[in-house]
Structure formats: C-alpha cells, structure tokens
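Subject: Structure handover

Hello,

Here is the structure I promised to pass on. Please open it first, then read my notes below.

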Amino acid sequence: MATLQDVADIVIAGKAKKTPGVVQEALDAGLAPKDILNTMIDAMSVVGERFSRNEIFVPEMLVAAKAMKKGVDVLKPLLSDGGVGSMGKMIMGTVAGDLHDIGKNLVIMMIESAGFDVIDLGVDVPIERFLSAYDENPDTKIIGCSALLTTTMPALEQTVAAINQQPWRGKVKVMVGGAPITQEFADRIGADAYTEDAASAAQKAKELVS
C-alpha cells in the first residue's frame, strides 16, 4: 500500500517508470485523487526550492517533472474538473525573432506541475499570435513571454506594450523572463511579474492568480 509520502518521494526522486504504479497503489489504498495530485504539486515545489538553492540542476528538475507527468496521467480520468488545469490557463511563448525554447519548456513543465493548463505558442511568436491566443482563450489568467537574447528584448517590449493596450488587459497578468531580462526592465515595459528561473516562475504564477 502506498502512502502520500511514497508518492512525494517517487516524484522528488524522478523515478518516472515507477510513478504510475505508486500512484495506482495510493488510489487502491483509498486515497483521494485530488490529495495525490496536491502531494505531487507540493513535491515539485520542493524540487523547485532545491533548484533555486543550486542543490540540484536542470536534469534533475526535468526528471522530477517527467515523473509528475506520468503520475498525473493516471489521475486525469478520475479528476472531474479535467485535473491538472485547476489553477487556470496560461499562454506561453518566446517572442518574435527568438528561437530558444529550452528555458521556456522548463518553465512550462514547472508551471504545469503547479496545476496550470499551459497553451504553448512555441518560439518566434509574433505579437498578433499572443493576442489571438487570448481571444481564443478568454479565460486565460496569465500570459508569459520570454526572450533569451538581448537582440529580442525590443520584441518583448513591443509584445507587452500591445497586450497592455487591449481592452481585456485588466483580466490577465503578464509574466516575462529570459536570460537578459531584469526586474528593472520588466517594470519599465509594464509587465506584472518577472522571475529569474523556472522554479520561481511556478511560485509566482500561483501567487498571481491566488
């Protein structure tokens, strides 16, 4: 019989192959799907904190996120509200002219682990695509824009400026990030939040919608 502690331990250890079995055992033991999901989300928070303290690095974080995803797959049919998107929707993309996606993908994995339903627009995303994605998903709570090059910082600024001019701006929070981005830059262009790594991005996203 698996306990919630067993579920947390297997996610933190990043044992993706064993996670579905442990989650199933926890269900068989009579534990509620929501409790198991929340335990996995908390476990990913622990992983994120360790990453922030440089106790673990990107590979360890990725395997933990993969383990969590495998566990969520077992729970999905049992979660009446569709499960993982319990915190709401977030639109995410790398701005026009920028083809980097490793950082963005890591942020998405962490934010999905925190309970968000992420709409990934990919890389080299024009301003119009960010705006049309919101029009298609008006229940979106956060729009995340990343720029990984100093040369694409102006594109990030223009994207945020365009979002800030929309009539629905008051209903959504804008998060920015990427290697050259700073809190000062985020404040200047009118973003709601900036985080310097994937772990703190997940934490900040939760704060923004709570």
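Strand 1, helix 5 and strand 2 together make a β-α-β unit, and the unit is right-handed. Bear in mind that this is a predicted model. Strand 1 covers residues 88-94, helix 5 covers residues 102-113, and strand 2 covers 116-120. The two strands of the unit also pair directly. Strand 1 and strand 2 are parallel, with 5 bridges between them. To find the pairing on screen, start at Gly88, which stands opposite Phe116 in strand 2.

Now the helix of that unit. Helix 5 lies across strand 1, strand 2 and strand 3. Its direction is about 155 degrees to strand 2.

Next, the whole sheet. It is open and has 5 strands, in the order 2-1-3-4-5. The pairing is parallel. Which strands stand at the edges? They are strand 2 and strand 5, the latter being residues 193-194. Each has a single partner strand, so one side of each has no neighbour in the sheet.

Further along the order, strand 3 (residues 140-146) pairs with strand 4 (residues 173-177). This pairing is parallel too, over 5 bridges. Here Ser146 is a handy marker: it stands opposite Gly177 in strand 4.

Helix 6 deserves a separate look. It spans residues 127-136 and lies across strand 1 and strand 3. It runs at about 165 degrees to strand 3.

Helix 6 also meets helix 7, which is residues 153-164. The two axes come within 9 Å and cross at roughly 35 degrees. The crossing is right-handed. Which residues meet there? From helix 6 they are Ile127, Phe130 and Leu131. From helix 7 they are Gln158, Thr159, Ala162 and Ile163. By class, this contact has 5 nonpolar residues, 2 polar ones and no charged ones.

One last item: aromatic rings. How many aromatic pairs does the count come to? The count comes to 1 aromatic pair. The partners are Tyr134 and Trp168, and their rings are stacked. The ring centres are 3.8 Å apart, with 20 degrees between the planes. Tyr134 sits in helix 6, while Trp168 sits in the loop between helix 7 and strand 4. The pair thus links distant parts of the chain, 34 residues apart.

Over to you.

Best wishes

Terms used:
Residues are numbered from 1 along each chain as its sequence is written. This is a predicted model: local features need pLDDT of at least 70, side-chain atom pairs count only at pLDDT 80 or more; totals for chains, interfaces and linings use all residues. Side-chain values use heavy atoms; hydrogens and water are left out. Two strands pair if DSSP finds at least two bridges between them. Helices (H or I, at least four residues) and strands (E, at least two) are DSSP runs, numbered from the N terminus. Contact means heavy atoms within 4.5 Å. Axes are lines fitted to C-alpha atoms, for helices over the stretch in contact, and angles run from 0 to 180 degrees between N-to-C directions. A crossover is right-handed if, with the strands pointing away from the viewer, the path from the first strand over the helix to the second runs clockwise. A crossing is left-handed if the near helix is turned anticlockwise from the far one by less than a right angle, and right-handed if clockwise. Ala, Val, Leu, Ile, Met, Phe, Trp, Tyr, Cys and Pro count as nonpolar, Asp, Glu, Lys and Arg as charged, and the others, Gly among them, as polar. Rings of Phe, Tyr and Trp (its six-membered ring) pair if their centres lie within 6.5 Å; planes under 30 degrees apart count as stacked, over 60 as edge-to-face and the rest as tilted.
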